[in-house]
Amino acid sequence: MQRIGFPTFTTPLIGRDADVAALVTRLRQSPTRFTTLLGPSGTGKTRLSIQIADRLYHEFRDGVAFISLATLADPDLVIPTIARTFGLAERGSLLYEEALVQFLRAKQCLIVLDNMEQVIAAAPHVIGLLSQTEQVRVLVTSQQAANDPNEEVIPIPPLAIPLGGGAVQIETISMSPAVALFLDRIRRVRPEFMLDQANALHIVEICRRLRGLPLAIELVAAHSDTLRPADLLLLLRNYLPAEQNVGAAPAPEQVLHPVLDWCISYSIPAIRWLLPRLGVFQGEWTLSQVQLLANEAPNAIDIAKTLDAMVAKGLLLNNAVLEEPTYTMLDTIRQYAARQLKRNAQLDDACHAAHAKAFQQLALDIDAGIRQGQGMVWSKRLNQAMPNIRSALQWLYQQQRYSDIARFIASMVLPLYQQGYIREGLSWIARVGAHAASFEPQIQLHFGYANGLLSYAISDYPSALQAYGQALPHAKMLNDLDYQARLLNNQGMIYGEQTNYAAAREVYEAALAIRQQQANVWGEAIILNNLGSVAQFQGDHQAGRDYFQASLAIYQQLGDQMSQAVSFQNIATTQLNLDEYAEAEQLFRESIAIHRQSEESSPLIMALYGLGLALLRQTSSERSEAGDVLHEAVTMAARLNVQRSLAIAFEGFAEWLAPVNPQHAAYLVGGAASLRQTCDVGYSSISLRDVANLRAQLDQRLGQSARQAAEATGEALSQAELVMLVSQA
């Protein structure tokens, strides 16, 4: 079971035990699988949803996931955000929604969607997703209901408040949820605090004025380090009137906004100066990014100490676990800070300009980090930064700074490609593409390259070739040999996908000549590897091996272990195609040993697939290990949702299964064919040969008509059902 994305809190949830128990029981019994916890800001819906998920965690075989939607403004980003949480990728013609359905169809899990009010239009899409699953539940927190017949709405009231006025019973008051929360938080800053007859009346009155809103109570109690309850009440009276009717939850402007006004008024000057400026951020951000934003801070203000003070007052949350600590605001407080910032148009413009500049630089850093082989670290930085990157792009668009957007997208195209923000990147390219003719030649070059790479990622080959073709003259005019080689290499990749191997070889050779002219041995190794693949697809396995060995020699010279693993794998594949099975087995094992030092990946899946075939085709005595290896390839591909690799792994396992269960083997061949079509992956000449040989073997055992019928059955099976066939074998 997994527990994905859950934030951690340093304080307990107070006053909600009965609510949690009742809600857990209600969710267990409800036939509705889309449940909304409804209430205004500050009622503690997020903490409540997390507590409920914790209580139900062991009842969901595949775990629970928490996904914050607070930074999203576009409903179309909700499904991709959910998909990326589960590590799903968007490739070829496979859309995120399709990938998510395939992934969740056989899952039993709970998904918490927090702060859905600003993207509530996405609710029908989420509910539609649930209709294609059987054991997935969604728990939503929102200030607005979806008003869908398939939605169950549960209002979340503020914390219960004791009656005010007259004598008080200390024991009774301390059991009140609102007072219990206030006492817990005050004792975190004043451990010695004791409730007595004098201060009890003040605390009750404070909780009544705050209408039992947990966030308001926490913000006020955080000031108890210097102020007594009587002082707090005296000061609050200027901001919040006495409230006689405390039933329904108030709107934020009735309590939270005045409380935040009060907090800022009685804060140190540094907090008053910094808080509005922080309203420009979305999601998480770092100290260094704030310092870039606040470089005009008065000398008396220490940014780091001010952030720590804001954390102590409950205005910020921090995550000190990371190498560079990050900060975030509750969305209610962030919106308040943003409103404060907008009151000063000049400051608002300056902060957004600095914010955009900071995240443009981060995009460049992320791109450089990934190109230097630190993909895992920098990819996480991209995911963390995406809310701020989106915000920066939107501000640049409002300012009609289209050239800056083009430069921004171009600088981060590789991480966008690798992390699956494909269509989001293409949507920005489409929005500013009409202005491309006015860009500087270098920006046109980089922008065209970005357009081509992202178009290629979704198998839009005509658009990709057009983009690369338009960019190439700019690369030649600028005498940019690096981009000339990149563009030619990427054209070759597309021609290869289209099985136009002669054209692919021609542009690869042109790119290779440029890399050799540059003395760029790294780029040379990549293109040698691509030429080897083309030679293989053309059936010239010996030439393919020569190219791969030349590529391997460079990677060994550079000390690049992971690229060596891929080269071992490629050479082994040529040996497999030349029927040199023992030699192929040895190299596949070397490749797998290196791949296992890192995380699971598509290259590891394909190395396992190759090893399985090498073992299977050597001798019948290797069938047991071959089956184990091919089974691992299938399950890993399914776990990572790598559709292309999964289709090929199904075919490999079908070859192993054919002698003992030809009907199920035919199911897998049909399922693999359907999967190839879904994700737009054609058959190479080698794959066609292998599948043709397998079908001939199945025809001998089943007869052609029965084999074709079984393949048709397999085409209709779900991915989960096909994986189950493999596991049962």
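User: Before we get going, what is a nonpolar core here?

Analyst: We're looking at a predicted model. In it, a nonpolar core is a set of buried Ala, Val, Leu, Ile, Met, Phe, Trp, Tyr and Cys residues. What joins them is side-chain atoms within 4.5 Å.

User: Okay, so in the largest nonpolar core, which residues touch the most other members?

Analyst: That core has 137 residues. Another core, of 56 residues, lies apart from it, and includes Ala584 and Leu698. Back in the largest one, the residues that touch the most other members are Phe182 and Leu278.

User: Which residues is Leu278 in contact with, leaving aside neighbours within four places in sequence?

Analyst: Leu278 is one of the two residues with the most contacts to other members of the largest core. Set aside its neighbours within four places, and its partners are Trp285, Val290, Leu307, Met310, Leu316 and Met329.

User: Zooming out, how does the radius of gyration of the chain sit against the globule rule?

Analyst: The chain has 35 helices and nine strands. For 729 residues the globule rule gives 27 Å, and the chain comes out close to that, so it is as compact as a globular protein of that length. Its C-alpha atoms fill a box of roughly 95 × 60 × 40 Å along the principal axes. The radius of gyration itself is 30 Å.

User: And what share of the residues is buried?

Analyst: To count as buried, a residue needs under 20% relative accessible area. The chain exposes about 30,800 Å², with carbon and sulfur atoms supplying 50% of that. Out of 729 residues, the buried share is 55%.

User: Is Ala436 buried or exposed?

Analyst: Ala436 is in the loop between α20 and α21. Not counting residues up to four places away, it touches Gln444 and Phe447. Its relative accessible area is 17%, and the cut-off is under 20%, so Ala436 is buried.

User: Now the surface: which helix gives the most to the nonpolar patch?

Analyst: The patch covers about 310 Å² and is made by Val521, Trp522, Ile526 and Leu558. Three residues come from one helix, spanning 521-537. That helix is α25.

User: How does Trp522 count in terms of accessibility?

Analyst: Trp522 is found in helix α25 and helps make the nonpolar patch. Exposed would take over 50% and buried under 20%. Its relative accessibility is 41%, so Trp522 counts as partly exposed.

Notes. Residues numbered from 1 in each chain as written. Predicted model: local features only at pLDDT ≥ 70, side-chain atom pairs only at ≥ 80, totals over all residues. Heavy atoms only, no water. Patch = residues over 30% accessible without salt bridge, like charges linked within 9 Å, V, L, I, M, F, W, Y side chains within 5 Å. Areas by Shrake-Rupley, 256 points an atom, 1.4 Å probe, with all protein chains shown as cover. Salt bridge = Lys/Arg side-chain N within 4 Å of Asp/Glu carboxyl O. Helix = DSSP H or I, 4+ residues; strand = E, 2+ residues; numbered from the N terminus. Buried < 20%, exposed > 50% of the residue type's maximum accessible area, 1.4 Å probe, protein only. Rg over C-alpha atoms; globule rule 2.2 N^0.38 Å. Contact = heavy atoms within 4.5 Å.
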